[in-house]
Amino acid sequence: MALDNSSLALKAAFRQIMLQDMAEREVPPVIIETNGGLGEVYRNCYPSIETGTVFEKDEKKAVVLAEQRLGWAVYASDCVSALTQNICSWVPCTVLDVDPYGASWPILNAFFLSERDFQPWMWIAGTDGLRGHVQIVGGWKKEYLQPYVYEYGNNLYPIYLELCPKILADIVLNAGYLVDRFWGKYAGKNDGMVDYLARLRRTGC
C-alpha cells in the first residue's frame with residue numbers, strides 16, 4: 001500500500017513537467033483530482049490554478065480541501081463511484097490527477113469508461129501503490145491484472161514499471177486515447193509504488 005506523500009518530491013517534479021508540457025502545447029490545465037487527501041499535492045503543484053475539481057471520501061479532509069481552494073468544486077465522495085455515475089461529465093478535463101492508496105487502475109477504468117466531455121489532449125499524473133502488494137501475493141488475485149498474468153506470469157513485481165504503460169494504454173483506449181508519452185519511476189517505501197505521468201492523444205482529433 002502506498003504511503004501518503006512518501007514520494008511528494010517526485011510527484012511534484014512530474015507535475016511540473018506536465019504543466020510545462022501543457023503550456024508548450026497551449027492546452028489549459030482543467031484538473032480533476034481524484035484523491036485530494038489533505039491537499040499536499042495541490043499546495044506543491046497547483047496553488048496558482050484557481051478552478052478545478054477534487055474528490056475526497058473522508059468528509060473531514062474534504063472540509064479542509066474546501067477551505068484550501070475556494071474556487072474549486074469539492075466532492076465528499078468516493079471517486080470510483082462518482083466517476084462511474086458520470087459525475088463531472090461536463091468538465092472538459094485535460095488533467096486527471098490520481099493519487100490513491102493502493103491501485104490507480106480502478107479509478108482510471110471508472111473515468112475512461114464513463115460518458116464525459118473527452119478532450120483531444122489529456123495528461124494523467126498518477127501514483128500506483130500496487131507493486132508492493134504484487135510482490136507479496138502476485139497479480140492473479142486482482143481481476144484487472146489477470147490478463148497480464150496470463151501473458152507474463154504471476155510474478156509481475158520485477159516488470160511492474162514496464163507493465164504500467166501497457167495497462168494504461170489498454171484502459172484509455174476505451175475513450176479513444178493513445179498513450180503519446182509515458183514517464184514513470186519506482187517510489188515509496190521499498191519501491192512499492194510507481195509515480196507516473198502520461199500524455200494522451202485522442203485518435204481522430
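## A salt bridge between distant parts

Let's start with a charged pair: K11 and D99 join their side chains in a salt bridge, with 3.0 Å from N to O. This pair links distant parts of the chain, since K11 belongs to helix α1 (residues 8–24) while D99 sits in the loop between β4 and α5, 88 residues apart. Both partners are hidden from the surface: K11 is buried, and D99 is buried too. Keep in mind as you explore that this is a predicted model.

## More salt bridges to find

How many salt bridges does the count come to? The count comes to eight, and two further examples are worth a look.

One of them is formed by the side chains of R43 and E40, at 2.4 Å from N to O. Here the partners share an element: both lie in helix α2 (residues 40–45), three residues apart, which is about one turn of the helix. R43 has a relative accessibility of 41%, so it counts as partly exposed. E40, at 27% relative accessibility, also counts as partly exposed.

Another example is the salt bridge of D180 with R201, whose closest N and O atoms are 3.7 Å apart. D180 lies in strand β6 (residues 177–187) and R201 in strand β7 (residues 193–202), so the pair ties together parts that are 21 residues apart in sequence. There is a bigger picture to trace here, as salt bridges with shared partners join D21, R25, D180, R199 and R201 into one network. Are D180 and R201 buried or partly exposed? D180 counts as partly exposed because its relative accessibility is 31%, and R201 is partly exposed at 31% as well.

## A buried threonine

Now find T94, in the loop between α4 (79–84) and β4 (95–98). Its relative accessibility is 5%; buried means under 20%, so T94 counts as buried.

Which backbone atoms does the T94 side chain reach? One is the backbone oxygen of P28, at 2.7 Å. Another is the backbone nitrogen of V30, which lies 2.8 Å from a polar atom of the T94 side chain. Leaving aside neighbours within four places in sequence, T94 is in contact with several residues, among them M22, V27, P29, Q119, W121, M122 and W123.

## A helix that is largely enclosed

Finally, turn to helix α5 (residues 105–112). Why is this helix described as largely enclosed by the rest of the structure? Because six of its eight residues are buried. You can pick them out yourself: the buried residues of α5 are W105, I107, L108, A110, F111 and F112.

Conventions
Residues numbered from 1 in each chain as written. Predicted model: local features only at pLDDT ≥ 70, side-chain atom pairs only at ≥ 80, totals over all residues. Heavy atoms only, no water. Helix = DSSP H or I, 4+ residues; strand = E, 2+ residues; numbered from the N terminus. Buried < 20%, exposed > 50% of the residue type's maximum accessible area, 1.4 Å probe, protein only. Polar contact = N/O pair within 3.5 Å; in protein donor to acceptor, adjacent residues only side chain to side chain. Contact = heavy atoms within 4.5 Å. Salt bridge = Lys/Arg side-chain N within 4 Å of Asp/Glu carboxyl O.
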